Amino acid sequence: ISENCTAIAIGMGLGKYETDEIRKILNKKVPKIIDADLFYDKLICEVLEQEVVLTPHPKEFVSLLKLCEIADIDVSELQNNRFLYAQMFSKKYPKVVLLLKGANVIISQNKNMYINTFGSQKLSKGGSGDILTGLISSLLAQGYKTLEATICGSLAHALASKNYKKNNYSLTPKDLIKEIKKL
């Protein structure tokens, strides 16, 4: 990672990795957004006192809750109580901005909670979460605060999918990027 790096997005497609190398990256003093594979490793607990953005889907969030010793639940329990568990997590880690993916995205930090109701089933395709991470990380790199970047990125992501005129099942990450460029 270059010395003039202004933001880090990490986790997507990471798979197996060298823990010490990832720890060095996570300890860099730049804004970070974490997604995907890192939600299954206790290593993530080391960064939860920092200002960081986390973007788990429900299965990843269930794993994160267990790793952080907040709750040992299944996805069904989470889906029935999304606000409660997002609130519990944010109370324990007030510096973290949590974006819990789903039909209605929950963005939570400290005692504040925001809901993006513009999402759709179009975004449930593989790769659309990577686009969301890219949007948020690009805003972080431009100097946006973690909460502002997350709200703006989530909104752009959802509005771009709403503007896509073909059927719900045909949206690809490339199509989503094209729609974002039109915003």
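User: What stands opposite Ser108 of strand E5?

Analyst: In this predicted model, Leu98 stands opposite Ser108. A little further along, Leu100 has Ile106 in E5 as its bridge partner.

User: What makes E4 and E5 a pair of strands?

Analyst: A pair needs at least two bridges between the strands. E4 and E5 (residues 105-109) are joined by three, so they qualify, and they run antiparallel. They also form a hairpin with four residues between the strands, where Gly102 takes a positive phi near 160°.

User: And how do you know that E5 pairs with E6 as well?

Analyst: By the same cut-off of at least two bridges. E5 and E6 have five bridges, again in the antiparallel sense, so that counts as a pair. Val105 stands opposite Asn116 in E6, for instance. This is a hairpin too, with two residues between the strands, and Asn110 in the turn has a positive phi of about 55°.

User: Why are E1 and E6 called edge strands?

Analyst: Look at the whole sheet: six strands in the order E1-E2-E3-E4-E5-E6, open, with mixed pairing. Strand E1 (8-10) and strand E6 (112-116) each pair on one side only, and that makes them the edges. On average, neighbouring strands here are turned by 15° against each other, ignoring direction.

User: Which helix packs on that sheet, and what does it touch?

Analyst: Helix H6 (residues 146-163) does, touching E3, E4, E5 and E6. The direction of H6 makes about 175° with that of E5. Angles over 145 count as roughly antiparallel, so H6 and E5 fall in that class.

User: How do you know that E5 is mostly covered?

Analyst: Count the buried residues: five of its five are buried. Val105, Ile107 and Gln109 point one way, while Ile106 and Ser108 point the other way. Side chains in a regular strand alternate between the two faces of the sheet.

User: Next door in E6, why is Asn116 called buried?

Analyst: Buried means under 20% relative accessible area. Asn116, in strand E6, has 8%, so it counts as buried.

User: What makes the link between Asn116 and Ser154 a polar contact?

Analyst: The distance is 2.9 Å, side chain to side chain, against a limit of 3.5 Å for a suitable pair of N or O atoms. Leaving aside neighbours within four places in sequence, Asn116 is also in contact with Ala103, Asn104, Val105, Leu155 and Ala158.

User: Now H6 and H7: why are these two helices called roughly perpendicular?

Analyst: Two packed helices are described by the angle between their axes and the distance between the axes. For H6 and helix H7 (residues 173-182), the axes come within 8 Å and cross at roughly 105°. The range for roughly perpendicular is 65 to 115, so H6 and H7 fit that label. At the contact, Ala156, His157, Ala160, Ser161 and Asn163 in H6 meet Leu176, Glu179 and Ile180 in H7.

User: Why do Cys45 and Cys68 not count as a disulfide?

Analyst: A disulfide is a covalent bond between the sulfur atoms of two cysteines. The cut-off is 2.5 Å. The sulfur of Cys68 is 3.9 Å from that of Cys45, its closest cysteine sulfur, so they are too far apart for a bond. The disulfide count is zero.

User: Is Cys68 buried or exposed?

Analyst: Cys68 has 3% relative accessibility, and the limit is under 20%, so it is buried.

User: What makes helix H2 "mostly covered"?

Analyst: In H2 (residues 58-67), eight of the 10 residues are buried. Among them are Phe61, Val62, Leu64 and Leu65. The cover includes strand E3 (52-54), helix H3 (75-80), helix H4 (82-92) and strand E4 (97-100).

User: What is notable about the phi of Glu69, and is this residue buried or exposed?

Analyst: Glu69 has a positive phi of about 60° although it is not a glycine. Its place is in the loop between H2 and H3. With a relative accessible area of 66%, and exposed meaning over 50%, Glu69 is exposed.

User: How about Ala36: where does it lie, and is it buried or exposed?

Analyst: Ala36 lies in the loop between strand E2 (32-34) and E3, and its phi is positive too, near 60°. At 13% relative accessible area, under the 20% limit, Ala36 counts as buried.

Notes. Residues are numbered from 1 along each chain as its sequence is written. This is a predicted model: local features need pLDDT of at least 70, side-chain atom pairs count only at pLDDT 80 or more; totals for chains, interfaces and linings use all residues. Side-chain values use heavy atoms; hydrogens and water are left out. Buried means under 20% relative accessible area, exposed over 50%, partly exposed in between (1.4 Å probe, protein chains only). Contact means heavy atoms within 4.5 Å. Axes are lines fitted to C-alpha atoms, for helices over the stretch in contact, and angles run from 0 to 180 degrees between N-to-C directions. A polar contact is a pair of N or O atoms within 3.5 Å; within protein, one must be able to donate a hydrogen and the other to accept it, and residues adjacent in sequence count only if both atoms are side-chain atoms. Angles under 35 degrees count as roughly parallel, over 145 as roughly antiparallel, 65 to 115 as roughly perpendicular and the rest as oblique.
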